[in-house]
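Thanks for sharing this one. Here are a few notes to read alongside the model, starting with the internal spaces and ending at the ligand.

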Amino acid sequence: MSNPLRKGLVEERTAAACAVVIFGASGDLTRRKLMPALYNMAISRSLPSGFAVVGVARREKSHDAFRAEMKEGVSKFSRRKPIDSTLWEDFERGISYVAGTFEAKETYERLREHLEQLDKERGTLQNRLFYLAVPPSEFRAIVTGLQGANLVQPASREREGGPFSRIVIEKPFGHDLESARELNDTIGSTFDESQAFRIDHYLGKETVQNLLVFRFANSLFEPMWNREHVDHVQITVAEEIGVEGRGKFYEQTGVTKDIVENHLMQLLCLTAMEPPISLAADAVRDEKVKVLKSLRRMERGLVQQNVIRGQYARGIVRGDEVPAYREEPDVAKDSRVETYVAMRMFVDNWRWGGVPFYVRAGKRLAKRVTEIAIQFKTVPHKLFSAPDGGITPNVLTMRIQPDEGIALRFITKEPGQHTVLRDVAMDFRYGTAFGSNTPEAYERLLLDAMRGDATLFTRRDEVEEQWSYMDAVFDGWRAEANAPPPLYGSGSWGPEQADDLLARDGRRWRKP
Ligand code: BG6
């Protein structure tokens, strides 16, 4: 039977003709995320008729060999399985490969000739989307190479109706404020800010986009979305997985740089921001930047009181024994890198003055869950007495993943002769209401980048504000003489010290 809620959900947005050029085409991201996303976009007809995708990487390889690799990746990681062979044959005709090092001028000369050929053969109309699926250390060489080979059209040409050149940049975007500024300067040397699309894949998630819709398309919640009614907010990004063979990367980042500085802060911005004047990219991003600027910076002495680190020890996850972080490949035996962090943050503005935002993120926790919970204040006068001595406060939970949905907890009377109070939930589930075939974050983000819509991408000042806030935390840690983070058992909810962070305020973490 057809689901009436699915009416009007047909994907109608199509990008302009273009060639997507992926630097770092032999990496994991290309086969796991980018190519499956493009293939699914082809199925949902959101790719333009003039379309090509060009992989660029060091190793010599034929177009056919690259296509075969991509087919293998798509078969494994596409959300639609099995792969449709007729559709794939059509799609793969648009896939090609250019070999070369990112430092060599010839790579870009060859790329230019190849792209000109594609303009003729596949009607890509000189439009280019350059995707940097490479570590930040490679950015400069690539941007310089593109510029040197005249592969970048100025933004003014696009405004006059000419072809576009855009650059999509993956995280991590630097490792502190200074390095982020340097990367921004590198990109800014060749691309205008309107041509730069910094990816935070959380913004491509349906449930994250729904935060704006939920807040600003309903009149019910917004009047209560402030310090008058909200006691505190909890944001959790918990993972069951460990570092999954990325020990080397994790030793450089830790969870704070990997998750908090970007994904979690974006969730906080969307929860706390004021209504934008429109949905134009800059209107939305202006409001997010205001939140980031309002975050109370932590003075050195305050970091210890407000930020708790942890590192996973051995433990049991889903019935399996798992090793400690320090036993993972490429991790130092005495590593002090944090795999868990909990923080108490304040948004010092009129709406949120005095409302704590408790946030936490970690690997090897009890459950994979990302959620935002708004806990409302308790009733001002207690008419009813409950057996546990109190009435639990109302909580609105937005479940970002998995089990996507929104739940509102409130108190009811249990049926019977006595007045017994019970905390119950009203629960909305995406899967039940809309079916589960939602586009992946990368599909949405690639399409938006091809369409030139930067709303779901982080702007230069946004990324710099994120780092400026975090830099104070890192500075505080350095001042603590880099004490090792406390250990927590894999499969638990993090170190005890994180519970104390809330207990001091008379609160406790939710158990999602
Ligand atoms: C990435 C991090 O940005 O996000 C990973 O580098 C993390 O460490 C991943 O596992 C989580 O993404 P998702 O979409 O699975 O929540």
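1. Please keep in mind that this is a predicted model. The structure holds 3 cavities of 30 Å³ or more, and the two described below are the largest and the second largest.

2. The largest cavity has about 90 Å³ of space. Its lining includes Ile169, Glu170, Lys171 and Phe173, along with Arg198, Ile199 and Asp200. Helix 9 (247–272) and helix 14 (460–479) each supply at least two of the lining residues. By class, this lining has 4 nonpolar, 3 polar and 5 charged residues.

3. The second largest cavity has a volume of about 70 Å³. Among the residues that line it are Leu203, Val208, Gln209, Leu212 and Leu270. Two or more lining residues come from each of helix 8 (206–216) and helix 10 (281–294), and helix 8 gives the largest share, with 3 residues. Here the classes are 6 nonpolar, 2 polar and 1 charged.

4. Now to the ligand. The residues around it include His201, Tyr202, Lys205, Glu239, Arg246, His263 and Arg368. This shell divides into 2 nonpolar, 3 polar and 7 charged residues. Lys171 is worth a look, as one of the ligand's surrounding residues that also lines the largest cavity.

5. Which distances would I check by eye? A polar side-chain atom of Lys171 sits 2.7 Å from a ligand oxygen, and one of Lys363 sits 2.8 Å from a ligand oxygen. For Asp258, a side-chain N or O atom is 2.6 Å from an oxygen of the ligand. The protein covers 81% of the 400 Å² of accessible area that the ligand has on its own.

Note on methods
Residues numbered from 1 in each chain as written. Predicted model: local features only at pLDDT ≥ 70, side-chain atom pairs only at ≥ 80, totals over all residues. Heavy atoms only, no water. Near = heavy atom within 4 Å. Polar contact = N/O pair within 3.5 Å; in protein donor to acceptor, adjacent residues only side chain to side chain. Areas by Shrake-Rupley, 256 points an atom, 1.4 Å probe, with all protein chains shown as cover. Nonpolar A, V, L, I, M, F, W, Y, C, P; charged D, E, K, R; others polar. 1 Å grid on protein atoms, 1.4 Å probe; cavity = no way out; pocket = protein on both sides within 12 Å on 5 of 7 lines; lining within 4 Å. Points joined across faces, edges and corners; volume = space filled by probe spheres on them. Helix = DSSP H or I, 4+ residues; strand = E, 2+ residues; numbered from the N terminus.
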